[in-house]
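Colleague: Could you take me closely through the interface of the two chains, with the cut-offs behind each term?

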Number of protein chains: 2
Amino acid sequence: MGKNLTKRSEDYSKWYNELVVKADLAENSGVRGCMVIKPYGFAIWEKMQAGLDKMFKETGHENAYFPLFIPKSYLSKEASHVEGFAKECAVVTHYRLKNAEDGSGIIVDPEAKLEEELVVRPTSETIIWDTYRKWIQSYRDLPLLINQWANVVRWEMRTRLFLRTAEFLWQEGHTAHATEKEAIDEAELMMNVYADFAENHMAVPVIKGTKTASERFAGALDTYCIEALMQDGKALQAGTSHFLGQNFAKAFDVKFANKEGKQDYVWATSWGVSTRLMGALVMTHSDDNGLVLPPKLAPIQVVIVPIYKGMEQLDAISEKVNPLVKQLRAKGISVKFDNRDTHKPGFKFNEYELKGVPIRLAIGQRDIENGTYEVARRDTLQKESISADAIIEKIEFLLEDIQANIYKKALDFRSEHITQVDSYAEFKEVLENKGGFISAHWDGTEATEERIKNETKATIRCIPMDVKIENGACMVTGRPSDKRVLFAKAY
Amino acid sequence: MGKNLTKRSEDYSKWYNELVVKADLAENSGVRGCMVIKPYGFAIWEKMQAGLDKMFKETGHENAYFPLFIPKSYLSKEASHVEGFAKECAVVTHYRLKNAEDGSGIIVDPEAKLEEELVVRPTSETIIWDTYRKWIQSYRDLPLLINQWANVVRWEMRTRLFLRTAEFLWQEGHTAHATEKEAIDEAELMMNVYADFAENHMAVPVIKGTKTASERFAGALDTYCIEALMQDGKALQAGTSHFLGQNFAKAFDVKFANKEGKQDYVWATSWGVSTRLMGALVMTHSDDNGLVLPPKLAPIQVVIVPIYKGMEQLDAISEKVNPLVKQLRAKGISVKFDNRDTHKPGFKFNEYELKGVPIRLAIGQRDIENGTYEVARRDTLQKESISADAIIEKIEFLLEDIQANIYKKALDFRSEHITQVDSYAEFKEVLENKGGFISAHWDGTEATEERIKNETKATIRCIPMDVKIENGACMVTGRPSDKRVLFAKAY
Ligand SMILES: [Zn+2]
Ligand SMILES: [Zn+2]
């Protein structure tokens with residue numbers, strides 16, 4: 001198609017890296033591991049944000065904003081938390097630059113050293129719970145349901161655009177509750193909100209479940225997650241929601257008076273999704289021609305390309321197209337009429353295919369005469385001629401149909417790629433030759449989990465919420481197991 | 001009013017600090033100079049963001065996101081720029097923490113020192129222009145009209161909530177143009193967009209003008225600004241828009257081929273407003289009873305307080321109120337029915353007055369019988385009884401009327417506080433006893449500007465866009481001057 005895009009079958013990883021850059025989603029910056037999110041990519045992220053934010057508000061959450069910097073001592077207060085993040089922290093040690101006295105240039109002023117170093121937030125539990133201590137005195141102050149949209153930094157050594165970057169954008173919810181049950185319900189609720197968003201906005205089917213102890217968030221008693229499956233058979237963790245127990249309340253001394261006037265520690269959750277969702281979106285639907293975007297997240301849902309010779313023909317086309325553009329916009333459909341005369345139609349077709357615009361209309365001299373548009377849908381690449389009278393209805397139908405179709409396609413792919421195995425040999429064989437999720441019995445020990453990971457690179461993605469209790473034997477050790485868990489190689 | 005708020009006439013500065021905290025807008029955090037923006041304050045900021053973002057998009061701008069970190073060498077590339085920001089930079093020097101070998105706790109790992117230090121962005125010209133070099137080759141790539149919503153850090157020694165904080169939220173527009181004129185037009189356009197937003201959304205009248213050389217942004221050839229006047233007679237710079245010439249293009253080698261195929265450096269602008277606008281909003285309209293919010297930015301536009309004894313009366317009230325809430329929401333009006341039984345009506349009245357809710361409805365047994373609501377407007381504190389049949393119309397009228405009234409009030413105050421003076425003695429007298437803007441002749445030299453600043457703390461806020469050319473003499477030196485400029489003490 002003239003896009004010089006590596007084919008997925010040749011090198012999936014290379015295809016992804018090229019596509020993210022060529023489709024103008026993001027690129028690497030001059031700062032190691034930090035990406036630039038380009039306008040087209042950011043427009044998709046904005047639609048994700050808007051959709052999620054609405055769902056958060058509908059479930060009673062409010063937004064707030066907490067400091068970027070976390071004093072080192074705060075991070076250290078919850079033992080397993082600092083253990084989890086210490087190895088990848090960007091640390092601010094000084095607050096001034098100055099001209100070197102030898103004239104060699106700008107240097108860090110050694111006299112402007114901070115008394116206590118500040119960590120650039122890798123996540124905000126500690127600074128937020130330090131604040132909650134001031135906000136929570138009584139059961140009347142609970143529940144506290146707060147979300148923050150923010151940038152965070154984790155100093156990863158090997159980075160990939162959207163999937164793993166030193167700085168990324170995300171939202172982090174942090175809630176406080178009077179009872180354990182209420183906190184667990186909240187953690188589950190937000191996992192369900194994430195699943196709803198992934199499936200109904202992103203058209204990405206996900207499996208809901210809980211993590212094993214070794215895969216939990218640093219400081220959590222339980223981690224709920226949604227796991228998606230990419231076209232190369234690898235899993236991607238698309239969102240997590242943590243039940244934090246009273247760990248952070250104890251670390252930051254956040255107590256409340258209950259209805260009986262008794263003091264108790266507050267129960268906590270935190271939950272987040274990040275720009276990693278962009279990676280999941282790209283890798284779930286896109287093809288060798290470029291992005292395939294779900295209509296609900298596409299910055300441009302409909303593009304109209306005129307095919308003409310000379311201004312007279314263009315004028316005739318514009319006369320038809322301009323009112324259509326207006327009518328579509330009035331219906332809340334985002335539409336672009338690309339009447340640039342600097343590029344040929346073929347170039348434009350390629351560009352919008354690469355960028356995943358769900359519907360493309362083309363209109364030329366013949367269409368004007370026949371009162372038609374040529375309509376192409378991005379997901380199937382099918383084209384048909386549609387009467388101008390029926391075009392709006394057709395577009396409305398297609399926007400829904402494409403959304404549903406790419407979801408179904410992804411769901412079918414995933415269904416074909418959940419394999420039940422009963423022996424470790426079979427497990428390795430499926431992992432090697434087919435990929436996807438593997439449903440197997442496991443003896444519940446970290447030792448076995450670790451062994452499988454070391455020998456095969458597969459991890460337990462989750463214990464599905466809808467898991468069936470059944471008698472079985474661990475595929476590795478033969479020890480008894482009462483449920484199957486889902487393994488996969490993962491991003 | 002039981003709010004224990006210091007009166008403005010007693011101590012304006014204290015009044016402001018107390019109000020920001022008591023009205024739940026923001027508070028200081030455990031991190032020096034960094035604030036927590038609380039949910040109610042953030043809800044106002046979100047409305048500001050939404051309003052501005054819409055205006056940016058309507059003027060052709062797109063959002064993107066660039067790295068938080070700026071390599072020290074980037075910042076150093078534009079000489080006057082680094083000069084302006086070096087003294088207040090948070091510097092990341094290490095990327096890992098570890099357990100101290102002597103068991104004393106968590107320390108910065110000395111082996112994880114960055115080769116090149118990273119500055120937490122105080123503003124993003126340098127990292128963005130380093131990126132634009134890759135994006136701009138030809139006049140076809142121009143103009144490039146990009147905005148970013150982000151957090152930035154400037155290590156201020158003396159901070160105040162919203163007005164001056166080490167970390168703040170803002171938007172920064174960065175545009176690239178083929179011609180000088182186009183860049184200047186853009187810088188002016190964005191000043192006008194800011195003025196439109198300040199006046200028509202925030203109800204804050206502003207004066208548009210340009211800065212003198214000494215007050216310009218570090219790296220700009222010209223800085224356009226909007227200046228507002230607070231109730232204590234001090235000015236507040238509410239937004240700036242910079243014409244950057246070719247400074248950053250030259251520093252980062254960003255050239256383009258023009259239509260004739262000749263290489264030239266690109267012309268630049270940048271422009272920003274920040275959470276400082278929250279300070280301007282509070283200080284322009286609020287009174288000794290608390291916040292006064294313009295309806296266009298109020299998170300809650302209408303609050304309804306039931307006055308009742310017992311559940312039966314509350315039920316009767318709810319039967320009237322619930323359909324009204326629904327009707328108001330259908331009209332896009334944000335309304336809260338505060339039926340909490342944990343607080344008395346008087347407490348609620350105080351709370352919503354403190355929080356600046358524009359319209360308060362109260363409904364009790366008598367109102368039910370009479371088919372009325374008691375309607376109170378926050379700006380004038382006037383109350384009246386309105387028939388339930390006319391209540392929606394009344395609310396719609398009041399939302400517009402309050403928006404217009406607080407703007408007019410602020411405008412009248414400002415008009416009364418622009419004083420024309422012709423001698424330095426008079427200047428000092430007005431500055432001391434009346435405050436506000438002072439319109440005076442100035443000889444155009446930095447020396448005189450500096451002298452006035454040192455002697456009176458007043459600075460030149462701007463040379464107004466609508467300045468009249470007239471013959472005059474500098475109030476200090478007597479040297480010739482062809483226009484008056486606006487002085488004031490400022491935040
Ligand atoms: Zn397969
Ligand atoms: Zn006065």
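Modeller: What follows describes the interface, then the symmetry that relates its two sides. This is a predicted model, in which local features need pLDDT of at least 70 and side-chain atom pairs count only at pLDDT 80 or more, while totals for chains, interfaces and linings use all residues. Residues are numbered from 1 along each chain as its sequence is written, chains are lettered from A and ligands numbered from 1 in the order in which they are written, and side-chain values use heavy atoms, with hydrogens and water left out.

With contact taken as heavy atoms within 4.5 Å, chain A and chain B contribute 62 residues each. Between them the chains bury about 5,100 Å², of which 67% lies on carbon and sulfur atoms; buried area is the accessible area (1.4 Å probe) that two parts lose on being put together, summed over both.

Two salt bridges are counted between chain A and chain B, a salt bridge being a side-chain nitrogen of Lys or Arg within 4 Å of a carboxyl oxygen of Asp or Glu. Glu46(A) and Lys57(B) form a salt bridge through their side chains, at 3.1 Å from N to O.

As for symmetry, chain A superposes on chain B by a rotation of 180° with 0.0 Å of shift along the axis, at an RMSD of 0.0 Å, the fit being by least squares on the C-alpha atoms of residues with pLDDT of at least 70 in both copies. The two copies are therefore related as by a two-fold rotation axis. Among the residues of chain A, Val92(A) comes closest to that axis, its C-alpha lying at 2.1 Å. The same surface serves both copies, since 100% of the contact residues of chain A recur in chain B.
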